[in-house]
There are 2 protein chains.
Amino acid sequence: MPASTTDTTGVPPVPVIGASGDLGLGLALRWAAAGVPVVIGSRDAGRAREAAERVSAAVPGAEVAGMANADAAAAGPVVALCVPFAAQLPTLASLSESLVSDALLVDCSVPLATAVGGRPTHSLGVWHGSAAQQAQQAVPDGVSVVGAFHTVSAATLADLEHPLAEDVLLCGQRKADKARVAALVERIPGLRAVNAGSLETARIVEQLTPLLISVNSRYRTH
Amino acid sequence: MPASTTDTTGVPPVPVIGASGDLGLGLALRWAAAGVPVVIGSRDAGRAREAAERVSAAVPGAEVAGMANADAAAAGPVVALCVPFAAQLPTLASLSESLVSDALLVDCSVPLATAVGGRPTHSLGVWHGSAAQQAQQAVPDGVSVVGAFHTVSAATLADLEHPLAEDVLLCGQRKADKARVAALVERIPGLRAVNAGSLETARIVEQLTPLLISVNSRYRTH
């Protein structure tokens with residue numbers, strides 16, 4: 001059991017796919033610190049184990065493991081997908097047998113133009129309307145997608161000394177799905193889940209990332 | 001001179017086109033209350049005069065006049081355009097002789113789907129990328145467009161008893177243009193101008209209006 005004051009009895013592990021990246025690692029650290037068991041996924045099982053060791057080092061007693069993406073995704077019912085946009089569809093293809101019916105995919109993808117060598121203040125038009133809607137088309141039947149975490153700074157998440165005070169905008173088709181994700185969001189002290197609207201509202205919310213990058217680059221903050 | 005403690009010597013009037021609408025009236029009230037002379041424009045000169053009388057009633061001593069759009073737009077160098085999206089292009093066509101070179105158009109348009117009978121949480125795709133970019137194509141040569149005020153509640157602006165504490169995101173091609181608009185924004189106590197990026201960043205910022213409507217409708221706030 002983690003060295004946490006929170007009762008985590010019965011909390012299933014949260015698979016974090018792409019936790020060797022900045023956002024994924026930040027979420028893994030925060031959930032681990034909150035006593036939520038985490039299973040880190042990476043394309044390479046060795047890198048996943050390395051990321052898990054970083055979490056263990058930062059959060060003594062954390063319940064954390066690292067494994068290849070497909071194994072990680074099968075470890076819990078609510079799966080956070082934190083890979084760069086260019087890796088979203090290939091990663092989802094690799095998870096098709098791991099995401100069982102009633103699984104919930106929390107998609108954190110942002111279609112930044114960096115995926116095709118463009119600027120981080122520009123974004124790509126996605127055929128389905130947004131990365132989250134694209135994910136919904138790509139997951140197996142019975143799996144729901146909720147878009148989330150587009151406005152949370154990965155660097156701030158990863159710095160456990162930094163107190164959080166942020167809204168997390170959730171986009172999804174069903175209230176029940178958003179409530180499940182909201183509960184997980186609010187396990188992290190200082191994060192407040194906000195129901196931002198239907199899944200297609202991700203068209204707007206995903207654009208907040210390049211907007212924040214634009215403003216922050218002008219004021220040299222992050 | 002207005003009954004204001006601010007020194008407004010030499011402050012040119014601000015034409016507010018569409019001030020018989022909610023946002024325009026709110027801005028006219030706030031500028032008038034800050035001692036900035038305002039010229040309200042409407043398609044109908046009579047409605048413009050009525051709006052000016054409402055401002056005078058709310059702000060004793062306000063320096064405010066009402067006239068037809070084309071006359072109003074010629075009254076000052078920085079013109080605020082606060083008409084519904086469906087009226088943006090027709091209004092700009094009617095202003096073509098009033099907007100002289102070096103004029104600055106502050107475009108507050110939001111391409112909500114309500115313009116075509118759709119929902120306020122949905123938006124329209126604009127050929128040029130955003131309403132502000134469409135405005136830039138429609139104004140005479142030498143006139144610059146800055147997008148602004150998309151996230152400010154018209155109802156809050158219009159309630160002079162309500163203290164403001166809000167960022168106003170500015171999108172424009174040139175820093176100097178944004179600085180001119182920022183100075184005008186910050187004449188209103190409690191508003192802080194933020195350089196959000198280039199004019200095309202309006203593609204994102206204009207989407208914040210339907211996003212705010214979506215969130216607020218779910219939490220029954222405005």
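A cavity is a set of grid points, over the protein atoms alone, where a 1.4 Å probe fits but cannot get out. The structure treated in these exercises is a predicted model.

**Exercise 1. The enclosed space**

Determine how many cavities of 30 Å³ or more the model contains, and describe the lining of the largest cavity.

*Solution.*
Step 1. Rolling a probe the size of a water molecule over the atoms shows where empty space is left. The count comes to 1 cavity of 30 Å³ or more.
Step 2. The volume of the largest cavity is about 40 Å³.
Step 3. Its lining consists of Val14(B), Trp31(B), Val78(B), Val79(B), Ala80(B), Val106(B), Phe149(B), Val181(B) and Leu184(B).
Step 4. Sorted by element, β4 and α7 (175-185) of chain B each supply at least two of these residues. The largest share, 3 residues, belongs to β4(B).
Step 5. Sorted by character, the lining holds 9 nonpolar residues, no polar and no charged ones.

**Exercise 2. Strand β1 of chain B**

State which way the residues of β1(B) point, and identify the strands with which β1(B) pairs.

*Solution.*
Step 1. In a regular strand the side chains alternate between the two faces of the sheet.
Step 2. In strand β1 (residues 14-17) of chain B, Val14(B) and Val16(B) point one way, while Pro15(B) and Ile17(B) point the other way. All of these residues are buried, the cut-off being under 20% relative accessible area.
Step 3. β1(B) runs parallel to strand β2 (residues 38-42) of chain B and is joined to it by 4 bridges. Within β2(B), Ile40(B) is the bridge partner of Val16(B).
Step 4. Between β1(B) and β2(B) the chain passes through helix α1 (residues 22-33) of chain B, and this β-α-β crossover is right-handed.
Step 5. β1(B) also pairs in the parallel sense with strand β4 (residues 78-81) of chain B, over 2 bridges. In β4(B), Val16(B) has Ala80(B) as its bridge partner.
Step 6. Val16(B) therefore has a bridge partner in each of two strands, by the DSSP bridges on which pairing rests: Ile40(B) in β2(B) and Ala80(B) in β4(B).

**Exercise 3. Strand β7 of chain A**

Establish how many residues of β7(A) are buried and in which sense β7(A) pairs with β6(A) and with β8(A).

*Solution.*
Step 1. Strand β7 (residues 166-172) of chain A is mostly covered, with 5 of its 7 residues buried.
Step 2. With strand β6 (residues 144-147) of chain A, the pairing of β7(A) is antiparallel and has 2 bridges. Val146(A) finds its bridge partner in Gly172(A) of β7(A).
Step 3. With strand β8 (residues 191-197) of chain A, the pairing is parallel and extends over 6 bridges. Here Cys171(A) has Gly197(A) of β8(A) as its bridge partner.
Step 4. The connection from β7(A) to β8(A) passes through helix α7 (residues 175-185) of chain A, as a right-handed β-α-β crossover.

**Exercise 4. The two copies and the second largest pocket**

Find the rotation that superposes chain A on chain B, and describe the lining of the second largest pocket.

*Solution.*
Step 1. Chain A is superposed on chain B by a rotation of 180 degrees with 0.0 Å of shift along its axis (RMSD 0.0 Å). The two copies are thus related as by a two-fold rotation axis.
Step 2. Within chain A, Ile204(A) comes closest to this axis, its C-alpha lying at 3.6 Å.
Step 3. The second largest pocket has a volume of about 930 Å³. Of its 36 lining residues, Arg203(A), Gln207(A), Ser123(B), Arg203(B) and Gln207(B) lie nearest the centre.
Step 4. Two or more lining residues come from each of α8 (202-205) of chain A and α8 (202-205) and α9 (208-219) of chain B. The most, 3 residues, come from α9(B).
Step 5. The lining divides into 9 nonpolar, 19 polar and 8 charged residues.

**Exercise 5. Two residues by accessibility**

Classify Gly129(A) and Ala93(B) as buried, partly exposed or exposed.

*Solution.*
Step 1. Gly129(A) is placed in the loop between β5 (104-107) and α5 (131-138) of chain A. Because its relative accessibility is 29%, Gly129(A) counts as partly exposed.
Step 2. Gly129(A) and Ala202(A) stand 73 residues apart in sequence, with 8.2 Å between their C-alpha atoms.
Step 3. Ala93(B) belongs to helix α4 (residues 85-94) of chain B. Its relative accessibility is 54%, so Ala93(B) counts as exposed.
Step 4. From Ala93(B) to Asn216(B) the separation is 123 residues in sequence and 34 Å in space, C-alpha to C-alpha.

Methods:
Residues numbered from 1 in each chain as written. Chains lettered and ligands numbered in written order. Predicted model: local features only at pLDDT ≥ 70, side-chain atom pairs only at ≥ 80, totals over all residues. Heavy atoms only, no water. 1 Å grid on protein atoms, 1.4 Å probe; cavity = no way out; pocket = protein on both sides within 12 Å on 5 of 7 lines; lining within 4 Å. Points joined across faces, edges and corners; volume = space filled by probe spheres on them. Nonpolar A, V, L, I, M, F, W, Y, C, P; charged D, E, K, R; others polar. Buried < 20%, exposed > 50% of the residue type's maximum accessible area, 1.4 Å probe, protein only. Right-handed = clockwise from strand over helix to strand, strands pointing away. Least-squares fit on C-alpha atoms with pLDDT ≥ 70 in both.
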